[in-house]
Amino acid sequence: MFEINSKKNKNSLAFYCDSTEYSGVQKIAQKVAADVKKVLGINPSFVKDYSSYEHSVIFGTIGQSTTIDSLSSKINLETIEGKRECFIFKIIGTDLVIAGSDKRGTIYGLFHLSKLLGVSALVNWADVVPAKKDKFTLTE
């Protein structure tokens, strides 16, 4: 179970990706982190070593991210490998892993996290303010 409680976990959420990840994916991750802040009031850190945080969102593209590729023993990446615009959500311990089959797949996976938080795509165009939450839980 991946759970973030804004009252308990104020400074314990990190976003992590390899430095080799596509710049467009990294930019979208910044937008999703801003969505987390809008909903939960938590400002996620962007880190190079995710092991020091209680909860992490680890994201990356198959073949572009060595971290995602190294998790292939815990995630069945074969189900999306070679496909277009697909992603996988996998909870490993207290971490959420978002793996994309390609650049767009990873971006769609990140935006799916925003959607699950309750953030509308109209937040940027029509100033649709998402509802505040104290807790976000994701189960498999």
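User: Which residues line the largest cavity, and how do they divide into nonpolar, polar and charged?

Analyst: Happy to help; in this predicted model, local features need pLDDT of at least 70, side-chain atom pairs count only at pLDDT 80 or more, and totals for chains, interfaces and linings use all residues. Residues are numbered from 1 along each chain as its sequence is written, and side-chain values use heavy atoms, without hydrogens and water. The lining (an atom within 4 Å of a point on a 1 Å grid where a 1.4 Å probe fits but cannot get out) is Phe2, Ile4, Leu13, Phe15, Val36, Val57, Leu113, Leu117 and Phe136. With Ala, Val, Leu, Ile, Met, Phe, Trp, Tyr, Cys and Pro as nonpolar, Asp, Glu, Lys and Arg as charged and the others, Gly among them, as polar, the division is nine nonpolar, no polar and no charged.

User: How much space lies in the largest cavity?

Analyst: The structure holds one cavity of 30 Å³ or more. Counting the space filled by probe spheres set on the points, the volume is about 40 Å³.

User: Are helix 1 and helix 3 roughly parallel or roughly antiparallel?

Analyst: The axes (lines fitted to C-alpha atoms over the stretch in contact, with angles from 0 to 180 degrees between N-to-C directions) of helix 1 (23–40) and helix 3 (103–117) come within 9 Å and cross at roughly 5°. Angles under 35 degrees count as roughly parallel and over 145 as roughly antiparallel, so the pair is roughly parallel.

User: In strand 6, which residue is the bridge partner of Ile88?

Analyst: Strand 5 (87–92) and strand 6 (95–100) run antiparallel, joined by six bridges. Pairing takes at least two DSSP bridges. In strand 6, the partner of Ile88 is Ala99.

Key
Helices (H or I, at least four residues) and strands (E, at least two) are DSSP runs, numbered from the N terminus. Angles under 35 degrees count as roughly parallel, over 145 as roughly antiparallel, 65 to 115 as roughly perpendicular and the rest as oblique. On a 1 Å grid over the protein atoms alone, a cavity is a set of points where a 1.4 Å probe fits but cannot get out, and a pocket is an open set with protein on both sides within 12 Å along at least five of seven lines; lining residues have an atom within 4 Å of a point.
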